Amino acid sequence: LIRNPEYVGYLKLTYDIGRIGRVDRQITYKHCLSSCEVSQAIKRAIDMGKTPSGFGIQLESAAKTSFLPFSDKCYEWGVIFREFMPYPYVNEQVVLIPCFSLFGQDINNPDDECILIQLIEVQKANPYEFVKQLLFMIIDCYWEIVLSCAFHIECHSQNCFFEIDRNYSIRRFIIKDMDSVDKDIPLARFLGVRSDWESYPVMCFDQKV
């Protein structure tokens, strides 16, 4: 998280297992390129009205790769910039709750119900209808991205948020981590949407890959 009064955002960093982290998570030049390509494609789909109104994205609008000499090779050390405010931008007081937090236990208040149950209770909602609405929101957003862009987002609870307004209502389903999105080349050709990417073959499904 970048804490800057003028501009707030995130930097996604390479984790090289030889230097930091338990798993090697190299961000190469083509991973950076794929991140920006996917962000812009989804942004265009949103602007063209091809996604649900309850959908948003943390755009990854810039990246930088350093090419470091390593033995007889070159190591690509990438950094991706992720915007803080989800797109489309809203001028309202909202908070983002990671999806996994809906079911987590508050270690400071272990007797409290999980956030999902608290949201249901504060709205006096029918639990079945509330959860069904959340599931439909996720499914609609996922498949509209598939059908409009031929992308498969990595839709697990760490990469997704729910946007909550001041009335504790869930407004939007927000996704992040665009360098983890798979581009389905055969499906794109079938749907007649863009299928040529400079980042190919990184994060691409294709018969030849």
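## Exercises on a predicted model

Asp-177 counts as buried because its relative accessibility is 10%, where buried means under 20% relative accessible area, exposed over 50% and partly exposed in between (1.4 Å probe, protein chains only).

The model is predicted, so local features need pLDDT of at least 70 and side-chain atom pairs count only at pLDDT 80 or more, while totals for chains, interfaces and linings use all residues. Residues are numbered from 1 along each chain as its sequence is written, and side-chain values use heavy atoms, with hydrogens and water left out.

**Exercise 1.** State how many helices and strands the protein chain has, and in what order they run.

Solution.
- Helices (H or I, at least four residues) and strands (E, at least two) are DSSP runs, numbered from the N terminus.
- The protein chain has four helices and 10 strands.
- From the N terminus on, the order is β-α-β-β-β-β-α-α-β-β-β-β-α-β.
- Of the 209 residues in the protein chain, 38% count as buried.

**Exercise 2.** Check whether the end-to-end span of helix 1 agrees with its number of residues.

Solution.
- Helix 1 covers residues 29-47, which is 19 residues.
- The expected span is 1.5 Å times one less than the number of residues.
- For helix 1 this should give 27 Å.
- The end C-alpha atoms are 27 Å apart, so the two values agree.
- After helix 1 comes Gly-49, with a positive phi near 75°.

**Exercise 3.** Find which residues of helix 1 are buried, and describe the surroundings of Ser-35.

Solution.
- The buried residues of helix 1 include His-31, Ser-34, Ser-35, Val-38, Ala-41, Ile-42 and Ala-45.
- An α-helix has 3.6 residues a turn, so residues three or four places apart point the same way.
- Ser-35, which is in helix 1, has a relative accessible area of 0% and is therefore buried.
- Contact means heavy atoms within 4.5 Å.
- Neighbours within four places in sequence aside, Ser-35 is in contact with Glu-60, Ile-80, Met-178 and Asp-179.

**Exercise 4.** Count the disulfides and explain why Cys-36 is not bonded to Cys-32.

Solution.
- A disulfide is a pair of cysteine sulfur atoms within 2.5 Å.
- By this rule the count is zero.
- Cys-32 is in no disulfide, and the nearest cysteine sulfur, in Cys-36, is 7.1 Å away.
- Seen from Cys-36, the closest cysteine sulfur is that of Cys-32 at 7.1 Å, which is too far for a bond.
- Cys-32, at 4% relative accessibility, is buried, whereas Cys-36, at 22%, is partly exposed.

**Exercise 5.** Locate two cis peptide bonds that end at a proline.

Solution.
- The bond from Tyr-87 to Pro-88 is cis, with omega near 0°.
- Pro-88 sits in the loop between strand 4 (73-83) and strand 5 (95-98).
- The bond from Tyr-200 to Pro-201 is also cis, with omega near 5°.
- Pro-201 sits in the loop between helix 4 (185-191) and strand 10 (204-205).

**Exercise 6.** Take Lys-124 and Asp-177, give the phi of each, and say whether each is buried or exposed.

Solution.
- Lys-124 is not a glycine, yet its phi is positive, about 50°.
- Lys-124 lies in the loop between helix 2 (115-122) and helix 3 (127-149).
- With a relative accessible area of 76%, Lys-124 is exposed.
- Asp-177 is also a residue other than glycine with a positive phi, near 70°.
- Asp-177 lies in the loop between strand 8 (170-175) and strand 9 (182-184).
- At 10% relative accessibility, Asp-177 is buried.
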